[in-house]
Amino acid sequence: AANLPSVTLEEVAKHNSLQTGVWVIYQNTVYDVTNFVDSHPGGEKILLAAGKDVEPFWDLYAVHKSPHVLSILAEYAIARL
Ligand code: HEM
């Protein structure tokens with residue numbers, strides 16, 4: 001993770017749909033989860049966080065606060081803020 005490129009919040013915000021790619025931020029790391037959307041157990045709700053920080057959503061859906069979810073996320077890391 002140390003040698004991931006840096007991107008801006010503005011750049012992340014542009015990736016807010018399946019057309020542009022679905023990027024999310026979690027603890028200052030950026031993830032491209034476009035290819036995970038179809039396998040998300042919570043369906044298209046994941047798109048609510050597209051281009052944004054996922055943590056406010058995960059505060060509402062606490063099922064995500066597990067090592068299993070973080071290990072999925074880790075596969076999709078592309079950049080850092
Ligand atoms: C469930 C991953 C974003 C809503 C889950 C589960 C995983 C997952 C692995 C199953 C957890 C379990 O049952 O142990 C992710 C990842 C996300 C993400 C990697 C972001 C990159 C979101 C967002 C929302 C959301 C932003 C809501 C706005 C839900 C809901 C469930 C769920 C409602 C429960 C589905 C059910 O059991 O019926 N998610 N999620 N998720 N997720 Fe997400």
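In which sense do β2 and β3 pair, and over how many bridges? The points below take up this question along with the rest of the predicted model.

1. **Confidence.** The structure is a predicted model. The protein chain has a mean pLDDT of 96, and 98% of its residues reach 70 or more. For the complex, the predictor reports an ipTM of 0.95 together with a pTM of 0.94. As a general caution, coordinates predicted with low pLDDT should not be read in detail.

2. **Elements of the chain.** Three helices and four strands are found in the protein chain. Read from the N terminus, their order is α-β-β-β-α-α-β. The radius of gyration is 12 Å, close to the 12 Å that the globule rule gives for 81 residues, so the protein chain is as compact as a globular protein of that length.

3. **Extent and contacts.** Taken along the principal axes, the box filled by the C-alpha atoms of the protein chain is roughly 30 × 25 × 20 Å. Of the 81 residues, 17% are buried. When contacts between residues at least 6 apart in sequence are considered, 64% of them join residues at least 24 apart.

4. **The sheet.** The four strands form an open sheet, in the order β1-β2-β3-β4, with antiparallel pairing. The strands β1 (16-17) and β4 (77-80) stand at the edges; each has a single partner strand, so one side of each is left without a neighbour in the sheet.

5. **The pairing of β2 with β3.** The opening question can now be answered: β2 and β3 pair in the antiparallel sense, and four bridges join them. One of the bridges links Tyr26 to its partner in β3, Thr29. The two strands form a hairpin with two residues between them.

6. **The pairing of β3 with β4.** These two strands also run antiparallel, joined by three bridges. Thr29 stands opposite Arg80 in β4, and Tyr31 stands opposite Ala77 in that strand. Thr29 thus appears on two sides of the description, as the bridge partner of Tyr26 and as the residue facing Arg80.

7. **The turn of the hairpin.** Which residues of the loop between β2 and β3 merit a second look? Gln27 lies in this loop, between β2 (21-26) and β3 (29-32), and Asn28 is found there as well. Gln27 has a phi near 45 degrees, a positive value in a residue other than glycine. Asn28 likewise is not a glycine, yet its phi is positive, at about 65 degrees. For context, most residues other than glycine have a negative phi.

8. **Exposure of the turn.** Are Gln27 and Asn28 buried or exposed? Gln27 counts as exposed because it has 11 C-beta neighbours inside 10 Å, and a residue with 12 or fewer is classed as exposed. Asn28 is exposed too, with 9 other C-beta atoms within 10 Å.

9. **Leu9 and the first helix.** Leu9 has its place in helix α1 (residues 9-13). Leu9 is exposed because 12 other C-beta atoms lie within 10 Å, and the exposed class covers 12 or fewer. Between Leu9 and Asn28 there are 9.7 Å in space, C-alpha to C-alpha, although the two are 19 residues apart in sequence.

10. **Thr34 after the third strand.** Thr34 is found in the loop between β3 and α2 (55-60). Thr34 counts as partly exposed because it has 17 C-beta neighbours inside 10 Å. Leaving aside neighbours within four places in sequence, Thr34 is in contact with Leu18, Gly21 and Val22. Thr34 and Ala79 are 45 residues apart in sequence, and their C-alpha atoms are 15 Å apart in space.

11. **The ligand.** How many residues surround the ligand, and which are the closest? The shell holds 21 residues, of which Pro41, Gly42, Lys45, Ala49 and Phe57 are the closest. Helix α3 (residues 67-74) gives the most to this shell, with four residues. By type, the shell divides into 15 nonpolar residues, five polar and one charged.

Definitions and conventions. Residues are numbered from 1 along each chain as its sequence is written. This is a predicted model: local features need pLDDT of at least 70, side-chain atom pairs count only at pLDDT 80 or more; totals for chains, interfaces and linings use all residues. A residue is near a molecule or strand if its C-beta atom, placed from the backbone, lies within 6 Å of it. Ala, Val, Leu, Ile, Met, Phe, Trp, Tyr, Cys and Pro count as nonpolar, Asp, Glu, Lys and Arg as charged, and the others, Gly among them, as polar. pLDDT is the predictor's confidence in each residue, from 0 to 100. A residue is buried if 20 or more other C-beta atoms lie within 10 Å of its own, exposed if 12 or fewer, and partly exposed in between; C-beta atoms are placed from the backbone. Two strands pair if DSSP finds at least two bridges between them. The radius of gyration is taken over C-alpha atoms; the globule rule is 2.2 Å times the number of residues to the power 0.38. Two residues are in contact if their C-beta atoms, placed from the backbone, lie within 7 Å.
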